[in-house]
Amino acid sequence: MKKSMAVAAAILLASSTVLSGCSSKAGSQAEGGKVKIRFASWDNAEDLDKQQALVDQFNSSHEDIEVTLEAYGSEYDTKISAGMGSGDTPDVLYMWDYPSYYEGLEPLDSYIEKEGAEYKDNFYDALWPYNSKNDTIYGIPVGFTTHALYYNKDIFAQAGVAEPTNDWTWDDVKTAAKAITDSVSGVKGFSFQMKPDPYDYEMYLWSNGSSFVDANGNLDGNLNSANSVEAVSLFQEMEKDGYAVATEKNGTDEFRGGQTAMYIYGAWAVSTFDEDGLNYGIVDIPAFAGAGRDSVSILSSSGVSISKDSKNKEAAWEFVKYWTGEEMNKARIGYELPALKSVVESEKILDNPSNAPFYSMLEQSSGFTPASFIVDNWSTLKDTLDLTFERVYNPSTLEDPATVLSEAVSEMQ
């Protein structure tokens, strides 16, 4: 959940940005001088000079607002929590964990409404639930990634197997994975995480018409449903049959090393594989043949929020618009996927085959809200699911999915 795409906002920062519009009057509420805005970043020290340069560009174009960058780095959550507890939260702050922090954030629906329908519509619909809580928006999207299926073209060619396409089902994956494992020495057809992040994993249940919980937070009949059992069993069956491997990490190392032909991951790996010169392709996540719907992806999305305690919210909003606007979206190209439709179109983002699947998955994934945004006891449920998946996928256990999922529901009741 992942700060990764917003962390990239600091790396971006080599590109120069052209500010649009004239100097804001948002700070006219202050008596003399400039309105002071504090902006909290979670980025690392090596990127902060570049990030500061973009803040400076905003300051130079606004006679009445001055933004000060505060670098919290690895102590971000600790300092934000402390600030909210003491009423000393920065005016503007990066955000991803809305369920934990939304009570300290300013609702943004009225600000968005004042900008007009075109403003909100320019962001992809699927991003809003990830920057909201209880149907109230608390952050403006900065960056995102969905997940997609990566495959090694050289391994597929060596095995004489047709490459994946966007209309593949999991049956196609199993057939290809078996053929590759049988014909290419030392290579497994597919890899997946032995201990997957439950937040990410829910996308497989969604794709098969189920979920961890319903809209009211009920586990029973959802986590332990027949469709959930089928989704969880899919990977275990491939593992048992010997043509998939459950990895300790996220599968990237095995894919880079040519030890596996396919795996599912976010856009974070693209630059690494390009630097490696790896001959790879990316397509949509396969669908479940009997689900009667397209596959769905989880989103790793981050936004920029305004503190509820801010004394200069209009000036803060002016900066939020800048930080999430078209020119900043363009500046981050190559480091994160633009969140604005207008930028995707003008910069021809979809012409790049490494980008297109993440946007098709984004379009397919609209309307889904992760369980972590629904239930109040997500940390407890996550711990239960961590153990559940390990029991199912650890090669030393490989317990029955139906039994383990039912026990998880009973434990949480």
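Tutor: A charge sits over a ring if NZ of Lys or CZ of Arg is within 6 Å of the ring centre and within 35 degrees of the ring normal. Keep in mind that what we have here is a predicted model.

Student: Okay, so which residue lies over the face of tyrosine 124?

Tutor: That's lysine 341, at 5.9 Å from the ring centre. There's also lysine 120, which lies over the face of tryptophan 128 at 5.6 Å from the ring centre.

Student: What describes a pair of aromatic rings?

Tutor: Two things: the distance of the centres and the angle of the planes. This structure holds 47 aromatic pairs. Take tyrosine 201 and tyrosine 204: the ring centres are 5.2 Å apart and the planes sit at 70°, so the pair is edge-to-face; planes over 60 degrees apart count that way.

Student: Where are tyrosine 201 and tyrosine 204 in the fold, and are they buried or exposed?

Tutor: They're in helix α9 (residues 198-207), and because they are 3 residues apart there, about one helical turn separates them. Both tyrosines are buried.

Student: Which residues do ring pairs link into a cluster?

Tutor: The cluster has Phe39, Trp42, Phe58, Tyr72, Tyr76, Tyr94, Phe319, Tyr322 and Trp323.

Student: Switching to the backbone: what is the phi of asparagine 134?

Tutor: Positive, about 55°, although asparagine 134 is not a glycine. You'll find asparagine 134 in the loop between β4 (132-133) and β5 (136-137). Its relative accessibility is 53%, so it counts as exposed.

Student: And where is lysine 348 found?

Tutor: In the loop between α15 (341-346) and α16 (356-364). Lysine 348 isn't a glycine either, yet has a positive phi of about 55°. With a relative accessible area of 55%, lysine 348 is exposed.

Key. Residues numbered from 1 in each chain as written. Predicted model: local features only at pLDDT ≥ 70, side-chain atom pairs only at ≥ 80, totals over all residues. Heavy atoms only, no water. Phe/Tyr/Trp six-rings, centres within 6.5 Å; stacked < 30°, edge-to-face > 60°. Helix = DSSP H or I, 4+ residues; strand = E, 2+ residues; numbered from the N terminus. Buried < 20%, exposed > 50% of the residue type's maximum accessible area, 1.4 Å probe, protein only.
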